[in-house]
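Thank you for making the time this morning. I would like to walk you slowly through one structure, so please have a look at it before I go on.

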Amino acid sequence: MTFTALHRYLGDAPGPLTDDMVDRAVAQGLRETDDLDWKSELPAPGDLARSDFPKDVAAMANSGGGTLVFGITESQKAATGRTDTGKLSERHESALRSVAVTAISPPVFGLDVVQLGEPGNQCVVVVVPQSMDGPHLIYRGEYFGAPLRNDADTVWMKERQVEAMYRARFDERRRSAEVLDKLYAQAAAMRSADSPAWIVAVAHPRLPGTGTKRPTNTAARMAFDQAGKNALVYVGRGSRHPLENTDMNNPRPGLRRWTSRPMVDGDSRRWQEAWVSIHDDGSVSLAAAAGGHRRSRTEYHDDHVVESRAVEVAIADFMGLIRESSDRLTLGEYEVKIGFEWDKKDRLEIWATGGMSGSESRGTIPLAQFTPIEVTLRADADAADFYQQVHDLALDCVNQAGIGHVQTISPPS
């Protein structure tokens, strides 16, 4: 659910932006603040990079996020009326997002661009997300500066302010790494000493979402179900999904999380063991047996042998969980850590499997250790970009074993 400066100053609950909200803001003469700015004209696509738009976006990002409304006249910082911005074309919207990436360093991702109103009375609202990557800099030739909102004005940071913001960025990175390592250790601890090799994947949102209440049992069941549906978009029914090996219809409460437990009935199915959790803050974790999978009705791989398709399916389920949490809590960037846990008596082997016959390729690189995959991804990316991230994350995992491509996740076109 969206919650912007307009929602806050109008006293509205989180929800979609509407033309009525803009009308009420004008009628009440809402004044500009550090996170709300009125603009009468929307710069043309070709003029965006040279206009004040990059500076305004960077200033908002450096100040905790905010809302720019184009098509509003103002007097003494108070909204006085509306002026038509014209129809916002797809090219124009793309240019707005592009300039926030190319004209600002580091880039500001995740702009929400919304057109409101009827022809002849249209406005454009640009919602700038909060950022932990400040200071965001604007370059003008050989010079650069860091803009900042000071109430209704935009000013340039002084040296000490820039220094403090860099320090805050590094402190946040360190804190985020500590949170991620703690999540990983908790998930990995679910593996018993005699279990086959496990894949462990955890993710933590860099910024908090809009949700504040703990999900109910019903909401948790729906979340796990939706995550499973998301995963099927990336990898279909050809392989058994870890999520489907858990009791998704009966999640159990934990410390600020809901956990879906494994459904196994003895030693012969230990290769199907999986634990999956969704946390109140949007974090997710998946720990699942990846080694020792069944090769035929009576044969099993050794505990240290992992099929590449098992890795890909686990990544698909994990990313399905992230996508669901992002949609539910309006989350953007996630920090991700993925690794393998095994007894280390033998080197970890990831075998490529191909075709409907399930033929195996053992000419891969045995691993004395697996270097954890640690990346930042955008959970609110569009469908094509998110799919690309699913593909690349799975590829990162199998590449370490000398496998050059994934088998079950088709390369994005």
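Let me begin with a term: a nonpolar core here is a set of buried Ala, Val, Leu, Ile, Met, Phe, Trp, Tyr and Cys residues joined through side-chain atoms within 4.5 Å. I should also say at once that what you see is a predicted model.

With that term in hand, the largest nonpolar core has 58 residues, and those with the most contacts inside it are Ile 199, Phe 318, Ile 322, Ile 338 and Phe 340. Helix H7 supplies the largest share of this core, namely 10 residues. There is also a second, separate core, of 22 residues, which includes Leu 48, Phe 70, Ala 95 and Leu 111. As general background, nonpolar side chains in soluble globular proteins tend to be buried together.

Let us stay with H7 for a moment, which covers residues 308–329. At 1.5 Å a residue, its 22 residues should span 32 Å, and because its end C-alpha atoms are indeed 32 Å apart, the expectation and the model agree. The helix is mostly covered, with 19 of its 22 residues buried, and it is followed by Thr 330, whose phi is positive, near 55°.

Now please turn to strand E16, residues 284–289, where 6 of the 6 residues are buried, so the strand is largely enclosed by the rest of the structure. Val 284, Leu 286 and Ala 288 point one way from E16, while Ser 285, Ala 287 and Ala 289 point the other way.

Which strands lie beside E16? Strand E12, residues 198–205, runs antiparallel to E16 and is joined to it by 6 bridges, with Trp 198 standing opposite Ala 289. Strand E15, residues 274–279, also pairs with E16 in the antiparallel sense, over 5 bridges, and there Val 276 stands opposite Leu 286. The hairpin of E15 and E16 has 4 residues between the strands, and in it Gly 282 takes a positive phi near 100°.

Ile 199 brings several of these pieces together, since leaving aside its neighbours within four places in sequence, its contacts include Leu 286, Ala 287, Ala 288, Val 311, Ala 314, Ile 315, Ile 338 and Phe 340.

Finally, let me point to Asp 35, in the loop between helix H2 (19–27) and strand E1 (36–39). Is Asp 35 buried or exposed? With a relative accessible area of 9%, Asp 35 is buried, because the cut-off for buried is under 20%. Its side chain is joined to that of Arg 8 by a polar contact of 2.2 Å, and among its other contacts beyond four places in sequence are Tyr 9, Met 60 and Thr 67.

Key: Residues are numbered from 1 along each chain as its sequence is written. This is a predicted model: local features need pLDDT of at least 70, side-chain atom pairs count only at pLDDT 80 or more; totals for chains, interfaces and linings use all residues. Side-chain values use heavy atoms; hydrogens and water are left out. Helices (H or I, at least four residues) and strands (E, at least two) are DSSP runs, numbered from the N terminus. The expected span of a helix is 1.5 Å times one less than its number of residues. Buried means under 20% relative accessible area, exposed over 50%, partly exposed in between (1.4 Å probe, protein chains only). Two strands pair if DSSP finds at least two bridges between them. Contact means heavy atoms within 4.5 Å. A polar contact is a pair of N or O atoms within 3.5 Å; within protein, one must be able to donate a hydrogen and the other to accept it, and residues adjacent in sequence count only if both atoms are side-chain atoms.
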